[in-house]
Amino acid sequence: MKILMATMGLDIGGAETHIVELSKQLKHQGHEVVIVSNGGVYEQEVEAAGIRHYKAPLNRRSLKDMRRSGEILRQVIEQEKPDVLHAHARIPGFICGRLHKKLGVPFVTSCHGVYRVTGPLRLLSDWGQRTLAVSEDIKTYLEEEYHVPADHIAITINGIDTEKFSPEVSGARIRKELGLGDAPVLTHVCRLDAFTAPTARQLIELAPALEKAIPNLRMVLVGGGEVYEELKARAEAVNRQIGRACLTLTGPRTDINEIVAACDLFVGVSRAALEAMAAGKPAVLSGAQGHTGLFVPELLQKAMDTNFCCRTDPTATDDQLLEAIKTGFALPPARRKELGDYGRQVVQEHYSVSRMAQDCLDLYRQVCKKDHHIVMSGYYGFNNAGDDAILESILKAIRAVSDQVDVTVLSNDPEQTHSRYGVDAVSRFSMKGVAAALRRSDALLFGGGSLLQDSTSTRSLLYYLSVIRMAQRLHKPVMLYANGIGPVRRKRNRRWVKKVVERADLVTLRDHSSKEELEKMGVQAQKLRVTADPVFCMDPAPRERAEELLSTAGVEKNADFVAVSVRNWLDTEEFFHQLARFCDELHRRHGLEVVFLPMQREKDLEPSRRVQQQMEERSFLLEESCTPRELMAVIGMGKLCLAMRLHTLIFAARVAVPSLGLVYDPKVASYLEELGLPEAGTVEHFDADRAIERADRLLADYHNVREHLRERSAQLTAAARENVRLLLELLEQ
């Protein structure tokens, strides 16, 4: 592959060293690497390794410099024709993101740390088609602050060349150059910018106390940056105070392996600490973001979670840092060697440079040109939990079996869909955009959901039929993916549906009643396959998240509750009154708390509150905006589910929670039949007394109902997986 790395600069710094080592390793493995940056001390090293370097002011965020950087990057891309762009840091990511959209070059990013999240800076953040995070906490940060989909983030490492950084490397040349002699040496390596230099500043101020505690101590601080001259002047003043050259500031250097070889104790974080550990040196983990102390085996997991950056600990006080350094120098020789050997072992096992390169190559292959490109049409981008769950489930199922399928989604909110699911998206109402997406595609995936129906409107039906017909006119294969069909009441509409479905290349349906509906229209039975709703492939969010959401809604921990999902429909006033009576009785007779769950928040909050207002017993409303997986997890904590919305029932079935359906549409009755579960009643003629009788029977036989539901859910999950297998077969044909 040919990879273009875009980064701010190539001066001393953890991220910069990461990029240099990654580029050299990729080159060593036979790939071609080009770097664009503002340059720095590592330019000669990368060029000596056969890596071309182009200079651009990617370290500056002025509009003029960013425009200039964009022009240079565009020229380099057109000249070098890379297979993938790999951006490091915010400005390179922003510019590469714009060029990715214009030129179509695959684009990934690496996130090396956490940044301030403000309005203007957030606008400069583009995390690409896929993102590499160098620690678990950075992955969490990307998910929470930028809503990057979890499955679009890969955890990588700061890979260390353990031959370059090794106990076999001599520090004699450095000791001679810096006049260190046989003195005990403390080394700190860091880019000396305002944000990253607090530890260097602290070490300078602690030098008099350290010199008294550790006779003849020499302290070597390595790195350049915006505060270098200020710190150098302060170090010289402290040396005059001490009366000898205790502190040496070297400026930026590239011979870090020899510098750490010359030290007895290293103080620092991240990549620099790992390099020192690879050289067999004990390390005090302390930096601008936190202080963990002298690294010992008991701290391994804690250190790894933050990529040895100490972000989960507070920053060091002067006393803490002083004590940790004194402890490090007081180690007996045998213990010093033991910690040095252990540190090197950690780097060899967990931080190899070859693994770092492989992490990147795996991600590059995910975003590079795929074997197949499909367009997905459905009710996407409307913040409806059921349809969002369908989209998420289909994407997850496809990615689980193949990384060679690229997806474009027709969405009501393309930006949100792209951000949330990491797929290309176009406006579903731009016929020009839809046509362009279909022309580029290999097939149209239609659904799932109940799209072919006229109970909401004929207009909606005609929209979906027009998308299918457009694909067919462009000679693109069409798959109806786990669709629910109907009701289609108007004769003309039924003829149109029959005509379009007959011409589809593959039709899978989520229930048997949908198959019967199409057969009644005249579609041949052998063309139709009943599978299951895609959401049976979706997993709930962690239990801890569900507990947090329930607590926010005021529900006591471990309380038995019924999850209730209602929506607006025609003539619901009497229905809501009867439903309120039913909910009251569930609380009185069975001790169930009543928790309302809006599935489409902006539409379901109001009817939920209307039912609540008519109840005599207390109830709870989950007002917080939730993802489909979070709603499924909340339902999974309950004892019973009572739902109008179909996908609330499917969520409950997936987590084996018995349900009663509130039938407002034939699709709800159909799926209750598929699941072997009872109706609470129809919305049109709902009777609270009859509903409580049915609930009594279900709860009296609760264990058997739940066991049956577990078995049926497992069967439907297997059937749902058939959808994606059949899709791949169609694409291969």
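How much area does the protein expose, and what share of it do carbon and sulfur atoms supply? In this predicted model, the exposed area comes to about 30,100 Å², and carbon and sulfur atoms supply 47% of it. Turning to the inside, 59% of the 733 residues count as buried. As for overall dimensions, a box of roughly 95 × 60 × 40 Å, taken along the principal axes, holds the C-alpha atoms.

Charges come next. The protein carries 96 positive and 99 negative side chains. Take the centre of each set, and the two centres turn out to lie 6 Å apart.

What about the fold itself? The secondary structure adds up to 29 helices and 27 strands. Contacts often reach across the sequence: among those between residues at least 6 apart, 70% join residues at least 24 apart.

One sheet can be followed strand by strand. Strands of a sheet pair through backbone hydrogen bonds, and the pairing can be parallel or antiparallel. Here, six strands make up an open sheet with mixed pairing, and their order is β10-β9-β8-β11-β12-β13. At the edges sit β10 (247-251) and β13 (290-294), each of which pairs on one side only. Going from one strand to the next, the twist averages 20°.

Within this sheet, β11 (residues 265-268) and β12 (residues 283-287) run parallel, and three bridges join them. To find one such link in the structure, look for Val267: its bridge partner in β12 is Val284.

Key: Residues are numbered from 1 along each chain as its sequence is written. This is a predicted model: local features need pLDDT of at least 70, side-chain atom pairs count only at pLDDT 80 or more; totals for chains, interfaces and linings use all residues. Side-chain values use heavy atoms; hydrogens and water are left out. Two strands pair if DSSP finds at least two bridges between them. Helices (H or I, at least four residues) and strands (E, at least two) are DSSP runs, numbered from the N terminus. Axes are lines fitted to C-alpha atoms, for helices over the stretch in contact, and angles run from 0 to 180 degrees between N-to-C directions. Buried means under 20% relative accessible area, exposed over 50%, partly exposed in between (1.4 Å probe, protein chains only). Contact means heavy atoms within 4.5 Å. Accessible areas come from the Shrake-Rupley method with a 1.4 Å probe; for residues, only the protein chains shown count as cover. Lys and Arg count as positive and Asp and Glu as negative; His and the chain ends are not counted. The place of a charge is taken as NZ of Lys, CZ of Arg, CG of Asp or CD of Glu.
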